[in-house]
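Subject: Handing over a structure, with notes

Dear colleague,

I am passing on to you the structure shown just below, together with the notes I made while going through it. Please read them alongside the sequence, in whatever order suits you.

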Amino acid sequence: MALFTFRRDPQPAPAAAALDAMLDGFSIEVMPRTAEKVDSFRELLPAGTRVYIAHIEGTPIEDMVATARRVSAEGFPVMPHFPARIIRDKAMLADWIARYRGEAGVTQALLLAGGVATPAGDFGSSMQLMETGLFDGFERLHVAGHPEGNRDIDPDGSDRMVMQALRWKQAFADRSDASMAIATQFCFEADPVIAWAGRLAAEGIRLPIHIGVAGPAKLQTLIKFAIACGVGPSLRVLQKRAMDVTKLLLPYEPTDILTALAAHKAKAPGFGIESVHFFPLGGIKTNAAWVTENGGASGVPASHAQGPV
């Protein structure tokens, strides 16, 4: 049973089926402070849901590892962030990896530069982390993607350096034993995502895309996070909604973007988006309830699944 009920117009049967398929195998992101508010992840998430653990600058590694240990103990694969620019050196990286693997059985990682302008030490990019060889033996490595560009990397607004980095990561994936994918920043509009996925394919970048989407939340909350995180042109979707007084007080839901992406994937099976990654900006319980209501992973929480998780 969903924890919250949102009023919406019913989806036509084909659209609902496509959305259900798109949501199957979704992942979700938490931070140590948000995870503390969840009594039981098994009561919220389907069995096997990948849980990313975001590492914000200033968060002690002890808190990160404790969260990974707790989520893993509940039966979920965990994928902690490794932000290059807050890691001082190879010794610190090796220590983090040893803690995650030894205390929480971590075999998956999201490698990213991180939002810090000035690196704390030797690393400024995820590629430098990968070159250390310390992630050899990990089962899965994800890297960051930005469908609407990244001005930290390409200040001129082009995507030249971003594409160069992604080609390097594709080459790394080709010689790595780890399964790799691109996990993206959240977006609010389908067309830029579809165009970006097509551009990657044209560039020979075959890494599966796990598209970032903001979960249900108050409009004001989303606009604040979108501006802080540098979300690009699709921010206009929220701005347009904010101008409509009939929608201003209603919670945003990701129905439109996911329905559009699902419809495109149904027509183009080779579409590069493999799954959906949720940023639960309105709360993980609200996000999980929305996914359940829309049929994601059959809406079966892990606590109700048969067999061990």
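To begin with one pair of residues, isoleucine 28 has valine 51 in S2 as its bridge partner, where strands (E, at least two residues) and helices (H or I, at least four residues) are DSSP runs numbered from the N terminus. Please keep in mind that this is a predicted model, in which local features need pLDDT of at least 70 and side-chain atom pairs count only at pLDDT 80 or more, while totals for chains, interfaces and linings use all residues. Residues are numbered from 1 along each chain as its sequence is written, and side-chain values use heavy atoms, with hydrogens and water left out.

The chain as a whole

The protein chain has eleven helices and eight strands. Of its 309 residues, 48% are buried, which is to say under 20% relative accessible area, with exposed meaning over 50% and partly exposed lying in between (1.4 Å probe, protein chains only). If one takes the contacts in the protein chain between residues at least 6 apart in sequence, 80% of them join residues at least 24 apart, a contact being heavy atoms within 4.5 Å.

The barrel

The eight strands S1-S2-S3-S4-S5-S6-S7-S8 form a closed barrel with parallel pairing, and two strands are said to pair if DSSP finds at least two bridges between them. From one strand to the next, the twist averages 30 degrees; angles of this kind run from 0 to 180 degrees between N-to-C directions, and the axes are lines fitted to C-alpha atoms, for helices over the stretch in contact.

Strand S1 (residues 27-30) is joined to S2 by four bridges, and the two run parallel; in this pairing glutamate 29 stands opposite tyrosine 52 in S2. S1 also pairs with S8, in the parallel sense and over two bridges, with histidine 277 in S8 as the bridge partner of serine 27. Ser27 and Glu29 point one way from S1, Ile28 and Val30 point the other way, and all are buried.

Strand S2 (residues 50-53) is likewise covered on both faces, with Arg50 and Tyr52 buried on one side and Val51 and Ile53 buried on the other. Three bridges join S2 to strand S3 (residues 78-83), again in parallel, and here isoleucine 53 stands opposite proline 80 in S3. S3 in turn pairs with strand S4 (residues 108-112) in the parallel sense over three bridges, phenylalanine 82 standing opposite leucine 111 in S4.

Further along the barrel, strand S6 (residues 179-187) and S7 pair in the parallel sense over four bridges, and alanine 183 stands opposite histidine 210 in S7. Since six of the six residues of strand S7 (residues 209-214) are buried, this strand is largely enclosed by the rest of the structure. Ile209, Ile211 and Val213 cover one face of S7, and His210, Gly212 and Ala214 the other.

Helices around the barrel

Helix H3 packs on the sheet, where H3 touches S2 and S3 and has a direction that makes about 170 degrees with that of S2. Helix H10 (residues 255-267) lies across S6, S7 and strand S8 (273-279), and runs at about 170 degrees to S8.

Helix H3 (residues 61-73) also packs with helix H4 (residues 90-104), at an angle of about 30 degrees and with their axes 9 Å apart. That angle makes H3 roughly parallel to H4, a term used for angles under 35 degrees, whereas those over 145 count as roughly antiparallel, 65 to 115 as roughly perpendicular and the rest as oblique. The residues that make the contact include Met64, Val65 and Ala68 of H3 and Trp96, Arg99 and Tyr100 of H4.

Helix H11 and tryptophan 290

How many of the ten residues of H11 are buried? Seven of the ten are, so H11 is largely enclosed by the rest of the structure; among them are Ile284, Asn287 and Val291. Tryptophan 290, which lies in helix H11 (residues 284-293), is buried with a relative accessible area of 0%. Tryptophan 290 and threonine 255 are 35 residues apart in sequence and 9.6 Å apart in space, C-alpha to C-alpha. Just after H11, glycine 295 takes a positive phi of about 90 degrees.

With best wishes
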